[in-house]
Number of protein chains: 2
Amino acid sequence: MFDYRVKNAEEIPTPALLVYKAAVAHNIRAIGDMMGGYARLRPHIKTHKMSQIARMEMDEGIDKFKCATPKEAAMLAAIGATDVLISYHIVGANIGRVVDLKRLYPDVDLKVIADDGDAIQALSDACTSAGVSLGVMVDVNTGMDRTGALPGAPSLALAQQIAQSSGLCFVGLHVYDGHVGDFDADMRQKTAFESIERAVETRCLIEQSGIEVEKLVASGSPGFEHTQRVDGVDEVSPGTWIFWDTGYGDKLESPFEWAALILSSVISTTRADLVTLDAGSKSVAPDTPVPHFRALGLSDEIAFVRRNEEHQLLQLPEGTPRPRVGDQFYLVPRHVCTTVNLWDEVCVIDEDGMFVETWAVDARGH
Amino acid sequence: MFDYRVKNAEEIPTPALLVYKAAVAHNIRAIGDMMGGYARLRPHIKTHKMSQIARMEMDEGIDKFKCATPKEAAMLAAIGATDVLISYHIVGANIGRVVDLKRLYPDVDLKVIADDGDAIQALSDACTSAGVSLGVMVDVNTGMDRTGALPGAPSLALAQQIAQSSGLCFVGLHVYDGHVGDFDADMRQKTAFESIERAVETRCLIEQSGIEVEKLVASGSPGFEHTQRVDGVDEVSPGTWIFWDTGYGDKLESPFEWAALILSSVISTTRADLVTLDAGSKSVAPDTPVPHFRALGLSDEIAFVRRNEEHQLLQLPEGTPRPRVGDQFYLVPRHVCTTVNLWDEVCVIDEDGMFVETWAVDARGH
């Protein structure tokens, strides 16, 4: 197992989010090995939201990105990314932000997704007024029911509308298959294939209508390994792999290392069996069932007694040596994407296990 | 009811956290009315984390603050607050940060809390080396078991240690009575009194030993109304009242208005009964049981179907008119403290219901 101990950990004010450069580099190499290179990989940066991590990805040859917010897109454009997909439905005042971004970075291939005729019309009007052209992908609902047009005729109609709209360029199809979450590998593969099949059929339908489908982008971390091998799929866009977490890691086989951990200190021990850490719901995302993290070096039998904004009260199993105030623990988050989003900056741990610098989570917010 | 509609809401990119200046001003006046002025109020700023809100509080006469992190304390010192209590146990590298803060702002009456002999010793060593003096309050555990020394002899021993430590000045006692959460008013009053009684007895014990107890600071939002009337209590330190939320507001009688709401847009309607909002767990804190918010103008019968980082999927009761993509909803958070912490900035709504400017949540992070 990766050695997470930081040699100069006593210099780090806790709680702190640590990012291990060696583990990030390992994960970037590992996904390249899985996919035979980066040609079909469009990583989702909502997990890290950091220009420094995006740069590490670009330095290894990753040349296209997916993101969720205009702010993430702006961060990518600012550091020289040339192919950016905002896989989000742009409505209201966000239309102006995206159009401004395209105007500011005319050479960036900027794309958004859409599943609604009126929203496409509003986007077209804004692009036409501004004299810019924006790529648009039809978001297809292949079973998750969260967003997306139904496969087949409804998606075809939107593709036709986009293709005929001034200021817009129809790029292809986008699918997020978040319902592919079965932790049995065979079942997961089956659902992933069933899901993507609907999108590939829709792709054929649109192509038969005479509209070119440049690309089909699909899948997050649970499904991408299967989906990327399907004919008709051009790119997959997982996000969590860059840092990995126990939410996926405990259930999915993968070559990834945990690369973002919370360093936490004991701040109180009110009883012999209780320990209070300085890592509450403002430090580790509480959007999963308990436990929100795994504490390295602490038994899995600990009870998560009380969690507040800045406190996590743990009850230790009988016989566990009582930690002392000031003792540090390394916590692996269960959901790393929302955990990173809680932090303004991360403490970077270099290849020698030293805390050397901080990096901004510069695309936090929307 | 307060009118939350923003006249120029279409200019606000969503999701956005709105802060209503008129509601904030109302809440500041209301708590002053409840407490007969601000002499006994030390508001906890962890709820808002904003210098602009702290300035509104100071402009009305609030002259002392409580906070949870060194960053919050630094923000308060930077805007001219002269009395700042970090109600947190300072260990490890945070000792250096707090000492540096005292050195940078020697005229600020800066205090921390402690419940551990070794931690007090480390604080004393650092202050002595730096040639500064820091106020320290003994944190007393009156029943919550999260942090704090036991009342009576253990707390007395810590008070004596602090009083004898160079570089430290014993200030008094701190109690957080988060176990006082009963939503029955009589029961809550009873628990609040029982809890604070233990601290008041400890105060007497310390005074009898010849050590002056300058102040006893206690209570958050559920208990402060009762606790503030108890002899031997000098100050109360509620936080949530400044913005209020449905978590407390639905259960406690109070004069407060909701002052911080999320503006959210419909981004998709995949079925006639489903609506997808752009307010997921990166916009509204997920650290409460569902529902994480109440949507003004939407039935309380909505089902919270699926929540992801940037999406909230709602199922509408039969017969509800289907909202359109782009429609906006105002969401009252169930837990406003952790919700504010998700945002880098807020959209300020002025007394005329207009979005006029943004304010930074400048003490985000630790």
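With which residues is Leu18(B) in contact, leaving aside its neighbours within four places in sequence? In this predicted model, local features need pLDDT of at least 70, side-chain atom pairs count only at pLDDT 80 or more, and totals for chains, interfaces and linings use all residues. Residues are numbered from 1 along each chain as its sequence is written, chains are lettered from A in the order in which they are written, and side-chain values use heavy atoms, with hydrogens and water left out.

Outside those neighbours, the contacts of Leu18(B) (heavy atoms within 4.5 Å) are Val6(B), Ile12(B), Ala259(B), Ala260(B), Leu261(B), Leu263(B), Tyr330(B), Cys347(B) and Ile349(B). Leu18(B) is also one of the residues with the most contacts inside the largest nonpolar core, which has 236 residues. Such a core is a set of buried Ala, Val, Leu, Ile, Met, Phe, Trp, Tyr and Cys residues joined through side-chain atoms within 4.5 Å, where buried means under 20% relative accessible area with a 1.4 Å probe, protein chains only.

Over all chains there are 14 aromatic pairs, that is, rings of Phe, Tyr and Trp (its six-membered ring) with centres within 6.5 Å; planes under 30 degrees apart count as stacked, over 60 as edge-to-face and the rest as tilted. The ring centres of Tyr4(B) and Tyr20(B) are 5.0 Å apart and the planes stand at 90°, so this pair is edge-to-face. Both Tyr4(B) and Tyr20(B) are buried. One aromatic cluster is formed by Trp241(A), Trp244(A), Tyr248(A) and Phe256(A).

In chain A, buried residues make up 61% of the 366 residues. The C-alpha trace of chain A spans about 70 × 45 × 35 Å along its principal axes.

How values were computed: Buried < 20%, exposed > 50% of the residue type's maximum accessible area, 1.4 Å probe, protein only.
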